[in-house]
Amino acid sequence: MARISRKSGTSKKPEPQKKICGLRTALYVRLSVEDNGKEDADSLENQEALLRDYLEERPYLELVEVYSDNGFTGTDFERPAFIKLVEDVRKGRIDCIIVKDFSRLGRNYVETGEYLEKIFPFLGVRFISVNDGYDSASANAGELLAASLKNLINDMYAKDISKKICSTMKD
């Protein structure tokens, strides 16, 4: 029943609440070395195009912002755009994060696992890795194990590359 105003004696209808039609979605792209404009598979532009194509097929995912870290390693999470993304998640601006693959999120097994298994679920964030076929909203035990193994491989790859670069620099 609508309330009646004491001043005017008329009933006052409640204002309709703004309804969110879909999940507020962020795209996250990262490139380890400065993007030099080459047309390669991992360029920031190609990552973003892949993610936008993915979004087009899913109207329930509403793009809020694209977060881009160019020239930042995946071995830690001290990246300006990623930090801003997590801040926006904590403020309630983002419900879903989409990346090209797990390595774009991070190459540190422990920290990446913390985000995927603890932080994002605690904050109620859906996480999607397009090329890995991973969606936290529907992931089963086998997919969770596969995600952990892929993150372990990404970590080992980063350490192996680092070792090779260091040995080349010494020569």
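Helices and strands, such as β5 and α3, are DSSP runs numbered from the N terminus, a helix having at least four residues and a strand at least two. The model shown is predicted.

**Figure 1. Confidence along the predicted protein chain.** The mean pLDDT of the chain is 80, with 67% of its residues at 70 or more. Strand β5 (residues 96–99) has the highest confidence, at a mean of 98, whereas strand β2 (residues 11–12) has the lowest, at 52.

**Figure 2. Close-up of residues 14–20.** Throughout this segment, pLDDT stays under 50. The model gives residues 14–20 a total of 0 contacts beyond four places in sequence.

**Figure 3. Close-up of Lys100 in the loop between β5 and α3.** The relative accessible area of Lys100 is 11%, under the 20% cut-off, and Lys100 is therefore classed as buried. A polar contact of 3.5 Å links the side chain of Lys100 to the side chain of Asp101.

**Figure 4. Close-up of Asp101 in the loop between β5 and α3 (102–105).** Asp101 has a relative accessibility of 13% and so counts as buried, the limit being under 20%. Its side chain forms a polar contact of 2.5 Å with the side chain of Ser103, and the Asp101 side chain also takes part in the 3.5 Å polar contact with Lys100.

**Figure 5. Close-up of the contacts of Asp101 with residues beyond four places in sequence.** Once the neighbours within four places are left aside, Asp101 is in contact with Ser129, Asn131 and Asp132.

Definitions and conventions
Residues are numbered from 1 along each chain as its sequence is written. Side-chain values use heavy atoms; hydrogens and water are left out. pLDDT is the predictor's confidence in each residue, from 0 to 100. Contact means heavy atoms within 4.5 Å. Buried means under 20% relative accessible area, exposed over 50%, partly exposed in between (1.4 Å probe, protein chains only). A polar contact is a pair of N or O atoms within 3.5 Å; within protein, one must be able to donate a hydrogen and the other to accept it, and residues adjacent in sequence count only if both atoms are side-chain atoms.
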